[in-house]
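Please look through the sequence and the structure shown below before reading on. The paragraphs that follow lead from a single residue to the way the chain is divided.

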Amino acid sequence: MKKILLVDDEKDIVEFLQYNLKQEGFNVITAYDGMETLNKIKENPDLIILDIMMPKMDGFEVCRRIRNMDGFEQTPIIFLTAKSGEVDEIKGLELGASDYIQKPISPKKLIARVKANLRSVEKSEVKTAPTKIKTGPLQIDRDKYEITINGKLKVFPRKEFEVLYYLANNPGRVFSREVLLKDVWGPNVYVVDRTVDVHIRKIREKLDKFSNLIETVKGVGYRFKSVE
C-alpha cells in the first residue's frame, strides 16, 4: 500500500482529499503546516501532496528542504495552489516539484495525477539487479551468495546477505524498516520491525571495522554509505 503525505492548512480540504485517497486504497498521513510536514516526512511517504500557502513555512520552502534530505531526492511532490500564475508554477518546478494542481481540486484529477507520478517513479526504478557488486572493501556475489571483505571470504546467513545486498545495490538511499521488511522478507511474511535492527546489528558485527558502511538515519531507517 503506497503511503501519501497530504499537507494543507485547511482542515476541510485535508479531510475531503484524505477520504477520496483512502477510497483508492492509499495509506494517507496528514499535516497542517510546514513544520509538521518536516516531522511527518520521517514516516517515509511514497508521494507528497503539498499546499503552497501555509502558516509557519510555505510549501516552496518545505519542498526545498525535502529535496535536500537524503533519500527524498526523487520522491514525487504535487503542489496544490489557490494561485494561478506561471511564475509560481515555474518556481515550484524549479525547486523540484513533480506536478502542480490548482484549487478547487477535482478528486478524480488528483488521484489520476497521483497514480501517474507513482508509476513514473516505479518505471525509473526498474533495473536489472547486478549479480556482483564491488564497493570499497566489499565484493558481493549474488549468484554464489558469497561476500568477501578485502579479499577474505566472510560467511553471512541468507537473510543477512539479502539485506546487505539490497542496501549495497542502492547506495546513498535511505530505507525504512517497513520498506526493508516488505522488499527483503516479502509482503506476506509477518515479522516485527525490530527484526531489521537485529539483522543490521549482526551484519555490522561481521563487517567489523567497515561497519560504518551501513549508516543509521535517525527516525527514518538505514542506508549504505556511498563509496567513491
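Leaving aside its neighbours within four places in sequence, which residues is K206 in contact with? In this predicted model, the residues in contact with K206, once those within four places in sequence are set aside, are I149, K154, V155, F156, P157 and E160. K206 itself belongs to helix 8, which covers residues 194–207, and among its partners E160 can be singled out, since the side chains of K206 and E160 make a polar contact at 2.9 Å.

A short way along the chain from I149, one of the residues that K206 touches, comes N150, which sits in the loop between strand 8 (146–149) and strand 9 (152–154). The backbone of N150 has a phi near 50°, a positive value in a residue other than glycine. As background, most residues other than glycine have a negative phi, and most peptide bonds are trans. The second half of that background bears on another place in the chain, where the peptide bond from K103 to P104 is cis, with omega near 0°; P104 is found in the loop between strand 5 and helix 5.

K103 also takes part in a charged pair, and here a general remark helps. Side chains of opposite charge can pair when their charged atoms come close. The structure holds 20 salt bridges, and one of them joins D8 to K103, with the closest N and O atoms 2.9 Å apart. Because D8 lies in the loop between strand 1 (3–7) and helix 1 (11–23), while K103 lies in the loop between strand 5 and helix 5 (107–125), this pair ties together parts that are 95 residues apart in sequence.

Aromatic rings offer a further kind of link, and the structure holds 5 aromatic pairs. In the pair formed by F79 and Y100, the ring centres are 5.9 Å apart and the planes stand at 65°, so the arrangement is edge-to-face. Since F79 lies in strand 4 (residues 77–81) and Y100 in strand 5 (residues 99–102), the two rings tie together parts that are 21 residues apart in sequence.

From these local features one can turn to the division of the chain, for which the domain assignment gives domain 1 (3–118) and domain 2 (125–224). The C-alpha centres of domain 1 and domain 2 lie 31 Å apart, and the contact between them takes 5 residues from domain 1 and 7 residues from domain 2. About 540 Å² is buried between domain 1 and domain 2, with carbon and sulfur atoms giving 45% of that area. On the side of domain 1, the residues that lose the most area to domain 2 are K42, N44 and D70, which together account for 67% of what that side buries.

As for charge and polarity, the count between domain 1 and domain 2 is 1 salt bridge, and 1 residue pair is in polar contact between domain 1 and domain 2. The residues on the side of domain 1 that touches domain 2 divide into no nonpolar, 2 polar and 3 charged. Elsewhere in the list of charged pairs, the side chains of K3 and E178 meet in a salt bridge, at 3.3 Å from N to O.

Conventions. Residues are numbered from 1 along each chain as its sequence is written. This is a predicted model: local features need pLDDT of at least 70, side-chain atom pairs count only at pLDDT 80 or more; totals for chains, interfaces and linings use all residues. Side-chain values use heavy atoms; hydrogens and water are left out. Domain bounds come from an automatic or database domain assignment. Contact means heavy atoms within 4.5 Å. Buried area is the accessible area (1.4 Å probe) that two parts lose on being put together, summed over both. A salt bridge is a side-chain nitrogen of Lys or Arg within 4 Å of a carboxyl oxygen of Asp or Glu. A polar contact is a pair of N or O atoms within 3.5 Å; within protein, one must be able to donate a hydrogen and the other to accept it, and residues adjacent in sequence count only if both atoms are side-chain atoms. Ala, Val, Leu, Ile, Met, Phe, Trp, Tyr, Cys and Pro count as nonpolar, Asp, Glu, Lys and Arg as charged, and the others, Gly among them, as polar. Rings of Phe, Tyr and Trp (its six-membered ring) pair if their centres lie within 6.5 Å; planes under 30 degrees apart count as stacked, over 60 as edge-to-face and the rest as tilted. Helices (H or I, at least four residues) and strands (E, at least two) are DSSP runs, numbered from the N terminus.
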